[in-house]
Amino acid sequence: MSDKGLELAIQKMREAGVAEAAVQVFGDYYRQVESGATGLIPEDSIEPLTDLPRLEDLEVDAEQAREAFAQTVVIKLNGGLGTSMGLDKAKNLLEVREGKTFLDIIAGQVLAARREHGVKLPLLLMNSFRTQSDTLAALAKYPELVVDGLPLDFVQNQEPKLRADDLTPVEWPADPTLEWCPPGHGDLYTALEGSGVLDQLVEAGFRYASVSNGDNLGAAPDARMAGWFAASGAPYAAEVCVRTVNDRKGGHLAVRKADGQLVLRDTAQCPPEEMDYFTDEHRHPFFHTNNLWFDLVQLRDTLRERGSVLGLPLIRNEKTVDPSDSSSPAVVQIESAMGAAIEVFAGATAICVGRERFLPVKTTNELLLLRSDLYELDEANRLVARAKTPAIKLDKHYKLVQDFERRIPNPPSLVKATSLTVNGDVTFGRDVVVTGDAVVEADEPTTIPDGIVLGG
């Protein structure tokens, strides 16, 4: 391999107007891939993390919490299109409940937190070039969200997909947009710096950032969390939850044997032959929620010291240039995870939070839960559970949102349910009630009548 592939990739990025900081980060990762780096974290290189402080056990002074909250900015990841659910626009524009989208609820949570604590609490979205225009148009109904002239968003960078055979930028004339990919949400730090927003925030007096996925409505702004993080003095902190048998695929934290540093290991970073260790919820008892906190000043200083290259661990993702066409050329996508920054900062820490701070919607299974009577929206636009969460398993007929909404236009009652499994083309009528464990099997299209009780 020669320098030709990197030269062509950098040229392509600069011609597309990609920020120079992102070009430098890409170049660093390219050299790692070229040298054969896999980004794998073997089990024998880490020790399980088995003990952490729990938020519910901590005392946080209310005034200190408010002071920290006054210096906090809320950042939500908003770059995804939700293509796996059949969406073609920003996933966070999907209606969740009561006529409100993810974005409406996020805005409501931020505005309510401002009123309650008397703080500015800016909201920032990390958009992609595919989600920016629709998202900003939707936020136009909330002019009061703008704080001190700060923007409402910044845009995630993009990078070329590389041919797997020679690491040159792939060409795909049938759809040139497929020649590009996002660098993973680890690009958060590079995009913050390259956009100038990081400097704006620090100059405006903000010190702490609370970051989470936009589709996780459980991660509402929390003054108590801000107070804990500020008092910890840590440069960075991750929120984790206790793992259950249903959380085996999520990334987990561990302690690196070489230096005692906390690290994040995602699925793609575990050697395939060691997945039994990775999925063992007893060996690795905490999963990473992708809710994180960091000190803006320490982030800015670290980026300056390192020439914009924070040094997050590489994730080498192998796909085809057209994800829907397995015969299209094999490509390498260079990615990183924002949670991996925990190993960059000495003194980084973690805290175990309640499950209510982790309510992501990755499939229509979770969407059904949020739309049902299992949850209520309180005055602060927080989702409040009325009962224990049942296990939901909907088959392929419900994978896409449009198919899901056609078959379940009126979500059944789930407050008395333990589990609901649906196999087959089943349409739900109004006022259906699920109790205990319910299984619905249908060999042909079937409609459940209004008012039916399902159970047993």
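This tour moves through two groups of strands in a predicted model.

**First stop: the open sheet.** Select strands E8, E16 and E15, which in that order form an open sheet of 3 strands with antiparallel pairing. Strand E8 (162–163) and strand E15 (315–320) occupy the edges, and each has a single partner strand, so one side of each is left without a neighbour in the sheet.

Next, keep E15 in view and add strand E16 (residues 330–335); the two are joined in the antiparallel sense by 6 bridges. To inspect one position along this pairing, select Asn317, whose bridge partner in E16 is Gln333. As general background, strands of a sheet pair through backbone hydrogen bonds, either parallel or antiparallel.

**Second stop: the helix across the sheet.** Display helix H2 (residues 20–34), which lies across E8, E15 and E16. Relative to E16, helix H2 runs at about 125 degrees.

**Third stop: strand E10 and its partners.** Move to strand E10 (residues 208–213). How many of the residues of E10 are buried? The strand is mostly covered, with 6 of its 6 residues buried.

Now add strand E2 (residues 72–78), which runs parallel to E10 and is joined to it by 6 bridges. Within this pairing, select Leu77, which stands opposite Asn213 in E10.

Finally, select strand E14 (residues 286–295), which pairs with E10 in the antiparallel sense over 4 bridges. Here Tyr208 has Asp295 in E14 as its bridge partner. With E2, E10 and E14 displayed together, both senses of pairing can be inspected: E10 is parallel to E2 and antiparallel to E14.

Note on methods: Residues are numbered from 1 along each chain as its sequence is written. This is a predicted model: local features need pLDDT of at least 70, side-chain atom pairs count only at pLDDT 80 or more; totals for chains, interfaces and linings use all residues. Side-chain values use heavy atoms; hydrogens and water are left out. Two strands pair if DSSP finds at least two bridges between them. Contact means heavy atoms within 4.5 Å. Axes are lines fitted to C-alpha atoms, for helices over the stretch in contact, and angles run from 0 to 180 degrees between N-to-C directions. Buried means under 20% relative accessible area, exposed over 50%, partly exposed in between (1.4 Å probe, protein chains only).
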